[in-house]
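Please open the structure in your viewer and keep the selection tool at hand. The tour below goes from one selection to the next and says what is there.

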Amino acid sequence: MILYYALGGGLGHITRAIAVLHTLRVREKVIIVSSVNDAALELLPSNIRLVKPPATTQGNTRKLAAYIQQLIDEHRPSELIVDSFPLGIQGELKNIVYTGIRTYLARLLVWDRYSKVTGNQFYIFNQTFILEPLHEDHRYIVDRISETLSPLELTDPPQNKPLPPLEDLQEHWLVLHAGPDEEVDDLITYAKQIRKIEQKQNPLSLVTPSVINKWAHQSVKHMSYYPAHVLMPHVDKIITACGFNTMRQANVYKDKHHFFPFARRFDDQYFRAALYRNATVGGKRKNGDRQRSLYAFE
């Protein structure tokens with residue numbers, strides 16, 4: 001059995017976990033420790049289940065550590081996979097007693113902020129997969145705490161979910177963001193500005209988990225649809241923030257993808273946006289091959 005630590009930004013961490021387990025072709029039983037425990041249930045294979053720590057553990061490092069330790073003692077996992085935060089988002093993994101295989105999934109972090117949480121104390125991982133280019137200070141630590149190190153370009157499992165019954169879906173502009181609400185408003189405004197500049201009248205479709213009637217004041221078609229990346233090839237434009245999943249999933253649609261970074265405590269969306277722009281400058285190669293993926297790095 002594998003214990004997969006995916007605490008953090010909620011549904012985004014589940015989306016990444018599903019992609020990681022699919023990419024690594026994991027077939028054994030997996031327990032994912034997550035901040036959410038419902039939205040992705042319909043997509044989970046039978047060997048995977050979600051657990052959510054009690055509300056009393058939020059902001060309480062000691063209680064959260066005790067909860068993780070209880071899971072380890074009860075299930076005795078053969079492997080502990082830690083997503084993004086090598087010692088947990090609160091530093092709660094610092095004193096965990098675990099003797100099995102430790103795997104770290106490294107994605108972009110504002111490392112000087114995160115290292116203040118951990119006090120620069122880290123344990124050794126048997127293997128680390130780098131999911132995207134890292135800041136130099138983060139990569140420096142990763143090199144020293146990893147017995148083996150390799151890049152991992154993620155792929156999402158195939159989906160057979162039907163498309164929403166929207167007329168002329170191919171004309172729609174997809175505004176995609178999980179929130180918070182004020183950022184959703186910013187992206188809608190951004191989409192309208194692009195539409196004005198391009199002198200277009202394409203309808204806007206919003207995919208966000210907020211309550212449907214919350215966006216009645218906006219001239220958008222609000223849908224609750226997961227996973228939203230299924231819609232990307234079927235719409236005229238894609239407007240997103242710069243989170244890990246949406247940037248990775250929209251990478252193959254760069255000609256119609258517009259993105260806007262937002263400030264986060266640990267995730268550096270501004271740096272990711274710059275990486276994405278640099279990776280796509282110049283369009284296609286002369287031989288017609290698609291521009292190399294941002295994530296095909298060494």
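A patch, as the word is used here, is made of residues that have over 30% relative accessible area and no salt bridge, with like charges joined within 9 Å. Bear in mind throughout that this is a predicted model.

With that meaning in hand, select Glu167, Asp168, Glu171 and Asp236, which together form a negative patch on the surface. Stay with glutamate 171, which sits in the loop that runs between β7 (149-151) and β8. Its relative accessible area is 39%, so glutamate 171 is classed as partly exposed, a value that also meets the cut-off of over 30% for patch residues.

Next, select histidine 177, in the loop that joins β8 (173-176) to α5 (181-197). Is histidine 177 buried or exposed? Histidine 177 is buried, because its relative accessible area of 10% falls under the 20% limit. To see what surrounds this side of the loop, show the residues in contact with histidine 177 beyond its neighbours within four places in sequence: Glu183, Val184, Leu187, Val207, Thr208, Pro209, Ala241, Phe262 and Arg264.

Finally, move to glutamine 127, which belongs to strand β6 (residues 127-130) and, with a relative accessibility of 24%, counts as partly exposed. Add arginine 102 to the selection: although 25 residues separate arginine 102 from glutamine 127 in sequence, their C-alpha atoms are 6.8 Å apart in space. Arginine 102 is also one of the contacts of glutamine 127 outside the four places on either side in sequence, and the others to display are Glu79, Ile101, Thr103, Tyr104 and Thr148.

Terms used:
Residues are numbered from 1 along each chain as its sequence is written. This is a predicted model: local features need pLDDT of at least 70, side-chain atom pairs count only at pLDDT 80 or more; totals for chains, interfaces and linings use all residues. Side-chain values use heavy atoms; hydrogens and water are left out. Helices (H or I, at least four residues) and strands (E, at least two) are DSSP runs, numbered from the N terminus. Buried means under 20% relative accessible area, exposed over 50%, partly exposed in between (1.4 Å probe, protein chains only). Contact means heavy atoms within 4.5 Å. Patches are made of residues with over 30% relative accessible area and no salt bridge: like charges are joined within 9 Å, nonpolar side chains (Val, Leu, Ile, Met, Phe, Trp, Tyr) within 5 Å. Accessible areas come from the Shrake-Rupley method with a 1.4 Å probe; for residues, only the protein chains shown count as cover. A salt bridge is a side-chain nitrogen of Lys or Arg within 4 Å of a carboxyl oxygen of Asp or Glu. Lys and Arg count as positive and Asp and Glu as negative; His and the chain ends are not counted. The place of a charge is taken as NZ of Lys, CZ of Arg, CG of Asp or CD of Glu.
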